[in-house]
Amino acid sequence: MSLAQLLAIARCAKNLVMLGDPQQLEQPQQGAHPNGADVAALTHLIGVDRHTLSDAQGLFLPETWRLQPSLCEFTSQLYYDHRLLPRVGNEHQRLDGTGVVDGAGHFLLECEHEGNQAMAPEEVAAIERLLRRILQPRATWTDRGGRTSALRPDDVLVIAPYNAQVGALRRALEPLGVSRVGTVDKFQGQEAPLVIYSCTSSSPEDAPRGLAFLYDPHRLNVATSRARCAFVMVASPRLFAPPVRTPQQMQWANGMCRFREVARQI
């Protein structure tokens, strides 16, 4: 909730409790407000030098029920001041029998293409081929309670930044039974054992709405933290060498570059 909205409703009560995660995507804004008024209220409270509340400001919930430890480490390091920890039992979550993304963690599938902006047929085809390899009868996933079951199409979440790419992915993956396909914004709050993220744009220069949208740390945080076991990024190699010119742009690019460092190549 933005500061402007918070100030408007704060007059209705004697006490106000703010609950949320300012490292997630903010609400879409259509109104015009003075500079800074559209920023999330919790962001104003925390300040620009921190990602989480201090003990004097409020209560930080330190455990995630979703993320396997290796996934949690990446998320905690980049977005939560190293304070986020996996709940006991999350270490049991893993995939087996896929032959591609067995175990748990971050995976990178680099896909060469040129001139694509909001839709990349090459990435659609690469994801379709990848899922045909993964969704085999022997593929299983184990939950935090240690229960193992078959990996089904409903256990897969496929996301992309742009609606055009989402539409192309839906059409291509429908024959495989994979129906959970949408934008990062739409699937905020959802989860799946396996998440595949199609970055779509061929280069930073091709990205619609520029670096601020595709490289938004909130967007990458939401995308990577949907996964319980494995997160696969499908991306053009050129996205990992953006032409940054300001400290803010360096901060935007940091998440993508760090991901490439920790991810296993497919």
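**View 1. Helix α8 lies across β4, β10 and β11.** Welcome to the first close-up, where α8 covers residues 247-262 and runs at about 100° to β4. Helices (H or I, at least four residues) and strands (E, at least two) are DSSP runs numbered from the N terminus. Angles run from 0 to 180 degrees between N-to-C directions, using axes fitted as lines to C-alpha atoms, for helices over the stretch in contact. Contact itself means heavy atoms within 4.5 Å. This is a predicted model, in which local features need pLDDT of at least 70 and side-chain atom pairs count only at pLDDT 80 or more, while totals for chains, interfaces and linings use all residues. Residues are numbered from 1 along each chain as its sequence is written, and side-chain values use heavy atoms, with hydrogens and water left out.

**View 2. Ala 253 sits in helix α8.** Is Ala 253 buried or exposed? With a relative accessible area of 7%, Ala 253 is buried (buried means under 20% relative accessible area, exposed over 50%, and partly exposed in between, with a 1.4 Å probe and protein chains only). Apart from neighbours within four places in sequence, Ala 253 touches Tyr 215, Pro 242 and Val 244. To get a feel for distance, find Ala 139: it is 114 residues away along the chain, and the two C-alpha atoms are separated by 34 Å.

**View 3. Six strands make an open, parallel sheet.** Follow the strands in the order β8-β7-β9-β10-β4-β11. At the edges stand β8 (181-183) and β11 (264-265), each with a single partner strand, so one side of each has no neighbour in the sheet. Two strands count as paired if DSSP finds at least two bridges between them. Strands of a sheet pair through backbone hydrogen bonds, either parallel or antiparallel.

**View 4. Strand β4 has β10 and β11 as parallel partners.** Between β4 and β10 there are six bridges, and His 106 has Phe 231 in β10 as its bridge partner. Two bridges join β4 to β11, where Phe 107 stands opposite Arg 264. Five of the six residues of β4 are buried, so this strand is largely enclosed by the rest of the structure.

**View 5. Helix α4 packs on the sheet beside the β9 and β10 pair.** Strands β9 (residues 192-198) and β10 (residues 227-235) run parallel and are joined by six bridges. One place to look is Ser 198, which stands opposite Val 234 in β10. Helix α4 (residues 121-134) touches β4 (105-110), β7 (156-160), β9 and β10, and its direction makes about 155° with that of β9.

**View 6. The buried residues of α4 line one face of the helix.** Which residues of α4 are buried? They are Glu 123, Val 124, Ala 126, Ile 127, Leu 130, Leu 131 and Ile 134. Seen down the axis of α4, they fall within an arc of 165° (the arc of the directions from the helix axis to the C-beta atoms), so they line one face. Their cover includes β4, β7, α5 (163-173), β9 and β10.

**View 7. Helices α4 and α5 pack at an angle of about 35°.** Their axes are 10 Å apart. The crossing is right-handed, a label for a near helix turned clockwise from the far one by less than a right angle; anticlockwise would be left-handed. Glu 123, Val 124, Ile 127, Glu 128 and Leu 131 in α4 meet Gln 165, Ala 168, Leu 169, Ala 172 and Leu 173 in α5. The buried residues of α5 pack against α4, β7, β8 and β9.

**View 8. Ser 236 lies in the loop between β10 and α8.** Its relative accessible area is 1%, so Ser 236 is buried. Leaving aside neighbours within four places in sequence, its contacts are Cys 111, His 113, Glu 123, Ser 201 and Ser 202.

**View 9. His 82 and Thr 200 have positive phi values although neither is a glycine.** Most residues other than glycine have a negative phi. His 82, with phi of about 65°, is in the loop between α3 (69-79) and β2 (85-86) and is exposed at 56% relative accessibility. Thr 200, with phi of about 80°, is in the loop between β9 and α6 (211-214) and is buried at 0%.
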